[in-house]
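These are my notebook entries on one structure. I wrote down each thing I looked up, one topic at a time.

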Amino acid sequence: MRILLIKPTIGRPDQGRYVDEGRMEPLQLGLLAGLTPPGHEVVLADDRFETIPYDGGWDLAALTVESFTARRAYEIATALHRRGIPVVMGGMHVTLLPEEALDYADAIITGDAETVWAEMLADLAAGRLKRRYDAAANPQPQLGVAVDRAVFAGKPYLPITLLQFSRGCPHACTYCAISCYFHRHHYTRPIAEVVAEIRAQRRRLLFFVDDNITANRRALKELCRALIPLRVRWVSQGSMDMLDDPELMELIVASGCLGFVIGFESLTASSLAEMRKSPNRRPYDEVVEHLRRLGLQTWAAFTIGHDGDDLASIRRTCDWAIRQKFTFAAFNILMPYPGTELYHRLEAEGRLLYDGRWWLHPDYRFNHAAFVPAQMTADELTAIGFECRSRFSAPGAIWSRFLEPRTNLRSPYRALTYWLYNPLFRREVFRKQGLHFGIEDRDLEPFGSKETP
Ligand code: B12
């Protein structure tokens with residue numbers, strides 16, 4: 001069969017086209033290609049920067065769907081369906097809202113693809129495609145499967161290799177889609193397979209896209225020991241309680257870690273309690289000082305708009321982030337992602353905007369508040385989010401944050417990383433703000449419940 005794998009874009013600006021400058025290789029589609037039995041032809045189309053080859057004579061199109069790409073995914077599915085091409089969907093959003101995705105797909109896969117992808121392909125080839133394939137929990141992610149990175153070849157991605165050592169996170173933060181998807185479990189891969197994957201590709205700069213790579217400290221220590229001889233540089237996502245384990249931190253640094261995305265979320269104690277972010281109950285100034293002493297460059301992630309936040313506390317958070325000279329920071333508006341505890345609470349309190357389905361609503365725009373905050377209006381929350389992102393990435397702030405001797409000025413390589421990405425992220429702040437979801441200016445057409453034409 002000829003199979004087209006598709007990564008949908010978010011959407012469009014008021015004028016022209018949005019091309020994501022920070023785009024990275026879509027790992028889940030490389031994994032689907034790797035899971036595909038021999039004898040099939042697999043091609044990747046990345047809607048973030050290329051035109052989808054609808055008329056390529058495909059036997060199947062498979063889309064990966066997140067909440068912020070759902071509207072665009074459904075548009076693409078409609079265009080494929082008109083050409084009689086069967087459409088299968090999977091990913092985070094499909095798993096959290098299967099009934100919705102079924103309206104726009106011939107078949108859906110919920111959960112991890114590993115155990116069901118080949119079965120679905122065999123069913124399609126035999127003319128007995130089922131509507132729905134529900135993968136059981138997958139305690140052995142990617143076991144024995146190599147990501148097929150040939151599908152990325154020749155495409156203009158950032159020069160960093162994405163891979164995973166673990167999936168999931170044991171914490172129960174109320175806003176997080178991950179704890180719904182993985183039911184608070186955390187699974188690791190065999191270290192020998194991770195090492196083989198690193199050796200099988202050329203790059204020495206790695207992004208472990210784990211949801212929380214520090215969740216299993218014993219396993220991470222083993223991974224770090226195995227990484228040392230490989231002489232790689234790596235970044236990942238982790239929680240700040242990693243700092244409680246000096247041996248772990250020593251191994252992390254020795255194995256070439258440049259730094260982590262760490263969810264600081266909020267400086268306000270009541271907001272942290274409300275979101276149940278348990279690893280964060282510690283003085284942030286000491287956390288940051290500790291990270292600096294270790295020479296780690298931090299990407300600090302904040303969520304703004306919790307019930308304990310007001311405009312002044314959010315401004316203070318932004319000032320603090322600039323003063324701490326973080327290498328990067330994200331000021332994300334708290335989003336009610338479907339399936340999360342936060343979503344259900346705001347729904348029960350009648351605080352959801354856009355009919356509770358912001359990801360499909362024609363008026364919703366990227367980085368806009370999708371609920372009524374407790375201490376400000378939704379428009380004020382949208383505006384302060386943009387203000388924080390603009391201020392953190394203003395030229396003066398970029399310069400002042402750069403002057404941190406133990407992190408950004410630590411080596412020419414660190415300085416280069418800083419200057420390659422900070423201006424790029426600044427451009428993205430302005431280009432992404434207010435994107436419409438989807439790129440077609442018309443209503444969505446559900447087709448899943450009808451016969452294939
Ligand atoms: C890496 C990453 C990024 C990278 C981008 C990576 C890239 N390739 O471009 C960066 C850092 C840029 C990023 C940005 C954002 N991200 Co992000 N990101 C991730 C992360 C951590 C890993 C994704 C990944 O590669 N996973 C590895 C693959 C192998 O796993 P997977 O995607 O789960 O796929 C498996 C299954 O889901 C399934 N599957 C997936 N797709 C398909 C398709 C088919 C057909 C089938 C059968 C199966 C299937 O099988 C796969 C193999 O088992 C995820 C968390 C996560 N666990 O997914 C968040 C995540 C996807 N991001 C999220 C968000 C919100 C964002 C942002 C919107 C944040 C923001 N406010 O700016 C931005 C927007 C991105 C954009 N387009 O601009 C949320 C989405 C929530 C939701 N409900 O949709 C997630 C889930 C994080 C979270 N904690 O909630 N992100």
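Entry 1, contact between domains. I count two residues as in contact if their C-beta atoms, placed from the backbone, lie within 7 Å. I noted at the start that this is a predicted model. The domain assignment of the protein chain gives me domain 1, residues 2-139, and domain 2, residues 159-410. By the contact rule, 15 residues of domain 1 are in contact with 14 residues of domain 2. On the side of domain 1 that touches domain 2, I found that α2 (70-82) and α3 are the elements giving two or more residues. The largest share there, three residues, comes from α3. I sorted the residues of this side of domain 1 into 10 nonpolar, three polar and two charged. I also looked up the C-alpha centres of domain 1 and domain 2, which lie 27 Å apart.

Entry 2, the sheet with β1. I read off an open sheet of six strands in the order β3-β1-β4-β5-β6-β7, with parallel pairing. Which strands stand at the edges? They are β3 (41-46) and β7 (132-134); each has a single partner strand, so one side of each has no neighbour in the sheet. Direction ignored, neighbouring strands of this sheet are turned by 20 degrees against each other on average. I then looked at one pair: β1 (residues 2-7) and β4 run parallel and are joined by four bridges. Ile6 stands opposite Leu63 in β4. I also noted a helix here: α1 lies across β1, β3 and β4, and runs at about 165 degrees to β1.

Entry 3, the sheet with β14. I found another open sheet of six strands, in the order β8-β11-β12-β13-β14-β15, and its pairing is parallel. Its edges are β8 (161-163) and β15 (328-333), each with a single partner strand, so each has one side without a neighbour in the sheet. From one strand to the next, the twist averages 20 degrees. I counted six bridges between β14 (residues 299-304) and β15, which pair in the parallel sense. Ala300 stands opposite Ala329 in β15. Helix α14 (residues 378-392) packs on this sheet and touches β14 and β15, and its direction makes about 175 degrees with that of β15.

Entry 4, the ligand. Where does the ligand shell lie with respect to domain 1 and domain 2? I found that both domain 1 and domain 2 give residues to the shell, so it lies between them. There are 37 residues around the ligand, and Thr64, Glu66, Gly90, Gly91 and Asp112 come nearest. I listed the elements that give two or more residues to the shell: α1 (27-35), β4 (60-64), β5 (87-90), α3 (92-96) and α6 (177-181). The largest share, four residues, comes from α1. The shell residues divide into 21 nonpolar, nine polar and seven charged.

Entry 5, one residue. I picked Val287, which is found in helix α11 (residues 284-293). Is Val287 buried, exposed or partly exposed? I counted 19 other C-beta atoms within 10 Å, so Val287 is partly exposed; 20 or more would have made a residue buried. Leaving out residues up to four places away in sequence, Val287 touches Met240, Leu243 and Arg282. I looked at Leu243 again: Val287 and Leu243 are 44 residues apart along the chain, and their C-alpha atoms are separated by 7.7 Å.

How values were computed:
Residues numbered from 1 in each chain as written. Predicted model: local features only at pLDDT ≥ 70, side-chain atom pairs only at ≥ 80, totals over all residues. Buried ≥ 20, exposed ≤ 12 C-beta atoms within 10 Å, placed from the backbone. Near = placed C-beta within 6 Å. Nonpolar A, V, L, I, M, F, W, Y, C, P; charged D, E, K, R; others polar. Domains from an automatic or database assignment. Pairing = 2+ DSSP bridges. Axes fitted to C-alpha atoms, helices over the stretch in contact; angles between N-to-C directions.
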